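Got the viewer open? Here's a stop-by-stop walk through the fold, with something to select at each stop.

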Amino acid sequence: MEKIKVGIMTFSDGRKNVNDELLEINKKFQKAIVEALEATNEVEMIEADEIISKPSLAKREALKLRERGAELTIFNYSVWAFPHFSVIASKFAPSPFLLFGNINPQYPGMVGMLAAAGALDQTGIIHKRLWGDINDENVLRKVMSFVRAASTFNSLKGQRYGVIGGRPMGMYTTVPNVDLWNSIFGIDVEHIDQYEVIRLSEKVEESRAQEGLKWLEKMAKKIHYDGKQLTPEKLKTQIKSYHAIQRIIENNELDFAGIKGQPELTDNFVTMDVAEAFMNDPYDWEGEHEPFVLATEADSDGALTMQIFKLIARTPVLFADVRHYDAEDNFFDLCNSGEHATYFAGKSFDPQENLKKVEFYPEGFYFPAGGASVRHIAAPGEVTLARLARKNGKYWMAILPAEFMDFGEEKNEEKARATQVEWPHAFARLKVDAQEFLSTYDSNHTHGVYGNYVEELVDFCKIAGIDYKIYGGKE
């Protein structure tokens, strides 16, 4: 994925003689921020050409940042700065804005930042304030959290989401609210018939499907052919379905999607498990590719949550049912038919590392058309789970710091067999009481990535103007 383009403007005193005296100080602090952010390898900094010391510069340099492709802007303060410069710049520079105050006690930079922040609040300009030494790891972490969140929010604008099929099995929570998606996130929604999957599958070359089959048979831990629900021919049909969905995405210029699957395809064609897993993976049998969010059961708010996660963390994203709570070992079994990307088996971008832990099982009685489920147990590690939901017509986000557990191979298998042995599992220990979670969480699905991205999600919600709840953490 491309680096995030971050604009930076440093504000100064409007008196020429004072500004001249402080010019090198301002440049020094701006340089420190630029170097620290670029050292993350996630950011390309776009600097204003001049320190802002008069109204005309505020407008001109802000416009330059926009013209050069900045996605958001840091307003930098290391000395006293006339606050109206920041207000003027905010009319033209790419938003949202991070106001950053440096540690420079000989000069009233904090005063300048607070004066600008108050002026921006008075005029209704969304911003976040941070203060400290940019070379402090905790300070840089907070800056990068805002950068990721702001870039994600802006990246959603103009994206296209595809609903392949419609509402599955009566689930209200899977249906997108087109008006809210457009007004809050700027996303366009396209509805596509599932027949396109069947039609385009028939156009996929047999040789292409055969190569995919050979790769899976070589790479997977085991494929449990049973001669009925799972045969090489059915697995090839699933591979063709994967390529058909790729064509649907290309034809409709989609950025992320959801597919209904049940019951039409799962009763009469094949399951979409293979397609769902490998679309969300960073690779397939034809090589590396950028993970593409494809949510099962056409869960649109789930897909949107996943897309937010993908843009923030730049990794594949989990989709799972909240299937079962194991009171003995205090974890939730997050289990869903094949939707877990194989990435989660080994927490690796190397398919060989992951697929040696992946098995393909025949689908059970839920899916009479048959096909393979993509089965593995998620690798252990710190994770962040989340879900966008609606309450009384307004969005809110559930944010769940958690950990994926590994109980050892024998006990993992025992736990998996307690629910659905042929499906993938993630054993998630939440940082909140199970009863509190089940009493307030508004979906049967959840989503997540490895790592701690709680602060990024909070920043995203604040930028988007939606409520949030951190389960087991500080609000």
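Which residues of helix 3 (residues 83-90) are buried? Select the helix and colour it by accessibility: the buried set is Phe 85, Ser 86, Val 87, Ala 89 and Ser 90. Keep in mind that you're looking at a predicted model. Now show what surrounds those five side chains: the buried residues of helix 3 pack against strand 1, strand 3 and strand 4, and also against helix 2 (55-67) and helix 4 (109-122).

**Stop 1: the parallel sheet**

Those strands take you to the next selection. Five strands make up an open sheet with parallel pairing, and the order across it is 2-1-3-4-5. At the edges sit strand 2 (43-47) and strand 5 (127-132), each pairing on one side only. Turn the sheet edge-on to look at its twist: on average, neighbouring strands are turned by 25 degrees against each other, direction ignored.

Zoom in on strand 1 (residues 4-11) and strand 3 (residues 72-77), which are paired in the parallel sense over six bridges. For one concrete bridge, pick Gly 7, whose partner in strand 3 is Thr 73. Next, bring in helix 1 (residues 16-38), which packs on this sheet and touches strand 1, strand 2, strand 3 and strand 4 (97-102). Compare directions while you're there: helix 1 makes about 160 degrees with strand 2.

Stay in helix 1 and click Val 18. Val 18 has a relative accessible area of 23%, so it comes out as partly exposed. Draw a C-alpha to C-alpha distance from Val 18 to Ser 53 and you should get 9.7 Å, for a pair 35 residues apart in sequence.

**Stop 2: two cis prolines**

Most peptide bonds are trans, so exceptions are worth a click. Go to the loop between helix 3 and strand 4, where you'll find Pro 96. The bond from Ser 95 to Pro 96 is cis, with omega near 5 degrees. A second cis bond runs from Gln 262 to Pro 263, with omega near -5 degrees. Pro 263 is in the loop between strand 9 and helix 10.

While you have that loop on screen, select Lys 260, which also belongs to the stretch between strand 9 (256-259) and helix 10 (264-268). Is Lys 260 buried or exposed? At 13% relative accessibility, Lys 260 counts as buried, the cut-off being under 20%. Leaving out residues up to four places away in sequence, Lys 260 touches Ile 164, Gly 165, Gly 166, Arg 167, Pro 168, Gln 194, Glu 297 and Ala 298.

**Stop 3: a helix crossing**

Hide everything but helix 8 (residues 206-219) and helix 9 (residues 232-252): they pack at an angle of about 115 degrees, with their axes 9 Å apart. That makes helix 8 and helix 9 roughly perpendicular to each other, and the crossing is right-handed.

Show side chains for the contact. From helix 8, take Glu 206, Arg 208, Ala 209, Gln 210, Gly 212, Leu 213 and Leu 216; they meet Pro 232, Leu 235, Lys 236, Ile 239, Lys 240, His 243 and Gln 246 of helix 9. Colour the contact residues by type and you get six nonpolar, four polar and four charged.

**Stop 4: the three-stranded sheet**

Next up is another open sheet, with three strands in the order 8-15-16 and mixed pairing. Strand 8 (222-223) and strand 16 (372-375) are the edges, each pairing on one side only. Strand 8 and strand 15 (residues 359-362) pair in the parallel sense over two bridges. Within strand 15, look for Phe 360, which stands opposite Ile 223. Then switch on helix 11 (residues 273-280), lying across strand 15 and strand 16 and running at about 40 degrees to strand 16.

**Stop 5: two positive phi values**

Finish on the backbone torsions. Most residues other than glycine have a negative phi. Arg 314 has a positive phi of about 60 degrees although it is not a glycine. Look for Arg 314 in the loop between helix 12 (300-313) and strand 13 (318-326); its relative accessible area of 25% makes it partly exposed.

The other torsion to check is at Lys 347, with a positive phi of about 55 degrees. Lys 347 sits in the loop between helix 13 (343-346) and helix 14 (351-355), and at 40% relative accessibility Lys 347 is partly exposed.

Key: Residues numbered from 1 in each chain as written. Predicted model: local features only at pLDDT ≥ 70, side-chain atom pairs only at ≥ 80, totals over all residues. Heavy atoms only, no water. Pairing = 2+ DSSP bridges. Helix = DSSP H or I, 4+ residues; strand = E, 2+ residues; numbered from the N terminus. Axes fitted to C-alpha atoms, helices over the stretch in contact; angles between N-to-C directions. Contact = heavy atoms within 4.5 Å. Buried < 20%, exposed > 50% of the residue type's maximum accessible area, 1.4 Å probe, protein only. Parallel < 35°, antiparallel > 145°, perpendicular 65-115°, else oblique. Left-handed = near helix turned anticlockwise from the far one by under 90°. Nonpolar A, V, L, I, M, F, W, Y, C, P; charged D, E, K, R; others polar.
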